[in-house]
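Please take a moment to look over the sequence and the model before reading on. The paragraphs below start from one helix and then widen the view.

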Amino acid sequence: MTRVSRVLTGVGLFLVSASSLLLMGEQPKVEVPPPAVPTGASSDSTAFLKAAQEAEALRVMRRVSEADFVGMAKEEKTVVLDARSRAHFDRLRIKGSKSLPYTEMAEATLRRLIPDTSTKILIYCRNNLPDEPAFVGDPGSLFPAEFDPPKFPSAGLNIPTYITLYIYGYRNVWELDPMVVPGKSLIEFESGTPGVKPAAAAVLEEFGTLVRSGTWKEDWPDGKGGVEVREVTAEVWTDAFQAAIEKHGRLEIPGRQEPYYLDAPLLLGSGQSIKAEPGAEIRLKPGVNSCMVRNRGIRDFSDRPVPEDLVPDRNLGVEGGIWTTLAVGVPSMNGNRAGRSDVGNTVPNCNGTFVFSNVQGLAVKDVTIRRCRSFGVHLGNVSQFQVEGMRFEENGRDGVHVNGPARNGVIRDIAGVTHDDLVALNAWEWRNYTPTFGPIRDVVVEKVTGAPAGSKATDAIRLLPGVKRFPSGDMLACPISNVVLRDLTDIREFKLYDQPNLEVGRDRDFSVEVGTLQNITMKQLRFTRPGVVQIAANVEGLHIEDVDLLFTPQPAFKLVEVGPCLPLTGMGRSLHAGWKSFRRTVMSR
């Protein structure tokens with residue numbers, strides 16, 4: 001039996017037949033080859049260690065200063081060699097250096113790059129750069145694009161690089177010794193993929209024939225609080241931008257005086273991203289009535305729970321730019337009232353300037369949403385997501401709106417004027433505003449700042465749990481759990497309660513049971529004007545601590561209001577821990 005077990009471990013295809021024979025009481029006859037004896041023919045560690053000692057004896061005398069490195073690099077036929085991953089090389093490198101990742105070092109590749117073994121070679125690695133990231137990969141990715149050793153002195157890439165060059169016969173190798181700071185160093189650095197035009201240039205040149213011109217009427221603010229109608233002749237960039245995304249996997253939008261118009265959403269698949277310069281304005285053409293960016297794989301699950309085996313789009317990113325539908329006011333929206341999935345509303349109930357649903361790994365950073373009527377960022381069925389550095393200028397609805405199922409997210413550095421919630425975590429939702437429902441868990445919301453005093457912003461953060469009943473009668477619990485709300489300034493309302501649909505009708509769309517909140521922590525709350533935490537849900541663990549009231553409260557002021565629909569059982573225990581921390585509240589003028 002022991003003999004058969006060893007065979008089954010090593011030979012997966014034998015498993016079924018061997019098991020059948022054992023069940024019939026027969027002993028299979030299997031010949032086990034004798035173990036191989038290491039010969040060192042393919043990998044000789046003794047020879048490597050000997051070469052390493054010889055190389056190190058030379059290396060300790062070949063480590064040079066910053067000034068000497070600069071001087072030697074200017075000498076004729078000297079090669080500055082970068083053995084880091086190509087992702088790191090493209091991001092930032094010493095100007096004029098040549099890339100040969102350590103994992104690709106072989107006799108053939110070295111001879112092709114440096115034919116003469118007597119050539120003077122200067123090397124450096126991540127350990128010479130103080131702020132070099134651990135890896136460079138796709139936005140939101142958990143794994144590096146290419147191998148690069150850890151950034152420890154004992155594992156510095158210069159060490160194996162020097163040894164490998166020595167083994168292949170290169171003896172005139174010199175190593176940068178100190179750590180240097182790019183931009184403050186004698187050594188000049190550069191970035192970008194050598195010999196390849198950036199995607200921004202590719203859009204303007206390579207795909208210029210896909211840019212279309214048109215003329216239409218557009219509402220503009222008249223500077224007096226009203227609206228004026230202008231006739232606009234402009235360029236529509238949708239096809240050119242999309243072609244760049246498909247070819248390069250990354251769209252770069254340069255800044256310019258004129259806006260870039262879209263007449264359909266830009267679609268991102270796995271590993272694709274958009275980066276716009278801060279001054280680049282991307283505007284939705286009047287009457288399109290869709291979102292401006294979305295992922296390809298959004299699906300409609302308004303009638304059933306999201307399947308667990310659904311394959312998501314992975315690792316998407318949007319960074320920078322000013323995105324607008326130029327909705328001058330509620331009556332004037334330039335025909336762009338809803339941020340639908342597309343012009344044909346293929347997946348109903350989407351409503352965002354950006355719509356991302358069915359995504360694993362998402363980063364939306366440093367974006368300005370200006371005068372839009374939909375949610376700024378509409379997320380649903382997302383995991384491992386980050387929304388950071390968002391600025392809202394007169395946004396008509398929520399800023400960052402997350403629907404369940406959602407987990408493992410960070411929403412950080414959010415500010416501006418929205419005419420509904422700045423941030424909303426809605427596990428249950430009004431049926432006309434989401435294609436998915438489900439639990440929300442493990443989310444951090446931090447550094448959120450309300451609008452300046454006197455604005456018409458609502459300055460609210462909402463947590464909306466509940467229980468969804470689908471048309472089939474099936475029900476799905478939609479709790480919200482493990483949420484941290486911290487470092488928040490001038491939020492007027494924290495809405496921790498269910499709310500029936502005020503648009504379709506309270507009696508036609510509502511949570512069939514009171515929703516559940518679990519392990520909610522609120523801390524570092526600052527108020528320069530009155531604010532309130534309103535609770536009307538089943539709560540299991542609520543902590544409120546470190547509250548600064550930077551105004552003089554009136555006698556009727558209440559910071560926390562508990563609604564009448566809460567069951568009494570367990571509520572005292574749930575709030576007790578929070579009130580213990582709440583005693584640390586600081587009240588000052």
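In this predicted model, helix α4, which spans residues 66-73, has F69, V70 and M72 among its residues, and these three are buried. The cover over the buried residues of α4 includes several strands, namely β1 (63-64), β2, β3 (93-94), β5 (121-124) and β6 (173-176).

If the chain is followed onward from α4, there is a loop that leads to β2 (79-82), and T78 lies in this loop. Is T78 buried or exposed? Its relative accessibility is 16%, and because buried means under 20%, T78 counts as buried. A polar atom of the T78 side chain lies 3.3 Å from the backbone oxygen of M72, and M72 is itself one of the buried residues of α4. Once the neighbours within four places in sequence are left aside, the residues in contact with T78 are M72, A73, K120 and L122.

A second helix to examine is α9, which covers residues 238-248 and whose buried residues are T238, A240, F241, Q242, A243, A244 and I245. Just after α9 comes G249, where the backbone takes a positive phi of about 75°.

Further along the sequence, the model contains a pocket that ranks as the second largest, with a volume of about 500 Å³. Of the 22 residues that line this pocket, those closest to its centre are P307, E308, N381, P405 and R407. Which strands each supply at least two residues of the lining of the second largest pocket? They are β18 (352-365), β20 (375-395) and β21 (400-418). When the lining is sorted by class, 12 of its residues are nonpolar, while five are polar and five are charged.

These local views can be set against the whole protein, whose secondary structure comes to 10 helices and 33 strands. The protein has 589 residues, of which 50% count as buried. Among the contacts with a separation of 6 or more, 69% are between residues 24 or more positions apart in the sequence. The protein exposes about 28,100 Å², and carbon and sulfur atoms supply 53% of that area.

Key. Residues numbered from 1 in each chain as written. Predicted model: local features only at pLDDT ≥ 70, side-chain atom pairs only at ≥ 80, totals over all residues. Heavy atoms only, no water. 1 Å grid on protein atoms, 1.4 Å probe; cavity = no way out; pocket = protein on both sides within 12 Å on 5 of 7 lines; lining within 4 Å. Points joined across faces, edges and corners; volume = space filled by probe spheres on them. Helix = DSSP H or I, 4+ residues; strand = E, 2+ residues; numbered from the N terminus. Nonpolar A, V, L, I, M, F, W, Y, C, P; charged D, E, K, R; others polar. Buried < 20%, exposed > 50% of the residue type's maximum accessible area, 1.4 Å probe, protein only. Polar contact = N/O pair within 3.5 Å; in protein donor to acceptor, adjacent residues only side chain to side chain. Contact = heavy atoms within 4.5 Å. Areas by Shrake-Rupley, 256 points an atom, 1.4 Å probe, with all protein chains shown as cover.
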